[in-house]
Amino acid sequence: MTGLLDPGPELLSHPGDFTVVGGFATLWERVAAELKDVRCGVRVTAVRRRAGGVRVHTDSGPVEADDVVLAVAPDRFLPALDATDEERDLTARIRSNAYHTTLAAASGLPEDGFYFLAAHTTSRATAGHCVSYHHRYPGSQVRTFYSYGRPDDVTALLREDVTALGGHLEEVRLRREWAFMPHFGSADLADGALDRLDALQGRDHTWFVGGLPAFELVECTVAHAQDLARRHFPPAPGTLTRRAHGPALNEEERQT
């Protein structure tokens, strides 16, 4: 996101905006390819923590682990967790924003950038209307549109917004509603909610990463997770890390 909003190199140490060749999901597919046991589309039914580690019960069988790392907001995961009183109290204080991502083909709109609709970002009266969109790939009419709130029909409002911009909404490909940007309210922050969450790190073999402790941007959540891993999960003595000793990236990998 910072690369999209700032054309200078100050924030990310390189000029201009960027995207991932082949789509953003390819980044996580390459990360997953290096892991030993990745299960997609699996329902987690329960997490049971004990002195010797953690057992995660899923509809594809149990997983035994030394620790569990929760990369989703705790309130989304609470029904499956054998939560402590402290975890339940903190979880009850979490707030989130109703958020919609719509992938659609639209013609007649500005391209090659991330655009904000200023009229829809400053008033609650415009809830449900598009607040921004991203045209990511040259030569494609597909754009990603973003809106907040709980309107009756997000697509109808999006059609109005695109028309008002002088464009035409051709086809909606996908729409997803999210509990976006988990956070604590001002009073809970003043009372030390984030400090309490940080104090839970590692307790009962449980670690918390993601948007709640880090802020809801990819760069922020990755940086927070990497810092937590460096501080609490150091490599075993004699282990070679890929970053320091792995093979050099080829030209395609550098561009990607």
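Start with the whole chain in view: among contacts in the protein chain with a separation of 6 or more, 58% join residues 24 or more positions apart. Keep in mind as you look around that this is a predicted model.

Switch to a cartoon view next. The protein chain has 11 helices and 10 strands. Now turn on the surface: its accessible area is about 16,100 Å², and carbon and sulfur atoms hold 54% of that. Of the 256 residues in the chain, 32% are buried.

**Into the core**

Select Val47, Leu70, Phe77, Leu81, Leu90 and Phe184. These residues have the most contacts inside the largest nonpolar core, which has 18 residues. Colour β2 (53-58), β4 (68-70) and α7 (193-199) as well, since each supplies at least two residues of this core. In soluble globular proteins, nonpolar side chains tend to be buried together.

Now centre on Leu81. Which residues is Leu81 in contact with, leaving aside its neighbours within four places in sequence? They are Val47, Arg48, Arg49, Leu70, Glu87 and Arg88.

For a second, separate core, select Ala106, Cys130, Tyr133 and Leu158, which are among its 10 residues.

**Looking for empty space**

Rolling a probe the size of a water molecule over the atoms shows where empty space is left. Here there are 3 cavities of 30 Å³ or more, and the largest has a volume of about 50 Å³. To find the largest cavity, select its lining: Pro74, Glu87, Leu90, Thr91, Ile94, Phe184, Leu197, Leu200, Phe208 and Leu212. By class, this lining has 8 nonpolar residues, 1 polar and 1 charged. Finish on helix α4 (residues 85-91), which gives the largest share of the lining, 3 residues.

Key. Residues numbered from 1 in each chain as written. Predicted model: local features only at pLDDT ≥ 70, side-chain atom pairs only at ≥ 80, totals over all residues. Heavy atoms only, no water. 1 Å grid on protein atoms, 1.4 Å probe; cavity = no way out; pocket = protein on both sides within 12 Å on 5 of 7 lines; lining within 4 Å. Points joined across faces, edges and corners; volume = space filled by probe spheres on them. Helix = DSSP H or I, 4+ residues; strand = E, 2+ residues; numbered from the N terminus. Nonpolar A, V, L, I, M, F, W, Y, C, P; charged D, E, K, R; others polar. Core = buried A, V, L, I, M, F, W, Y, C linked by side-chain atoms within 4.5 Å. Buried < 20%, exposed > 50% of the residue type's maximum accessible area, 1.4 Å probe, protein only. Contact = heavy atoms within 4.5 Å. Areas by Shrake-Rupley, 256 points an atom, 1.4 Å probe, with all protein chains shown as cover.
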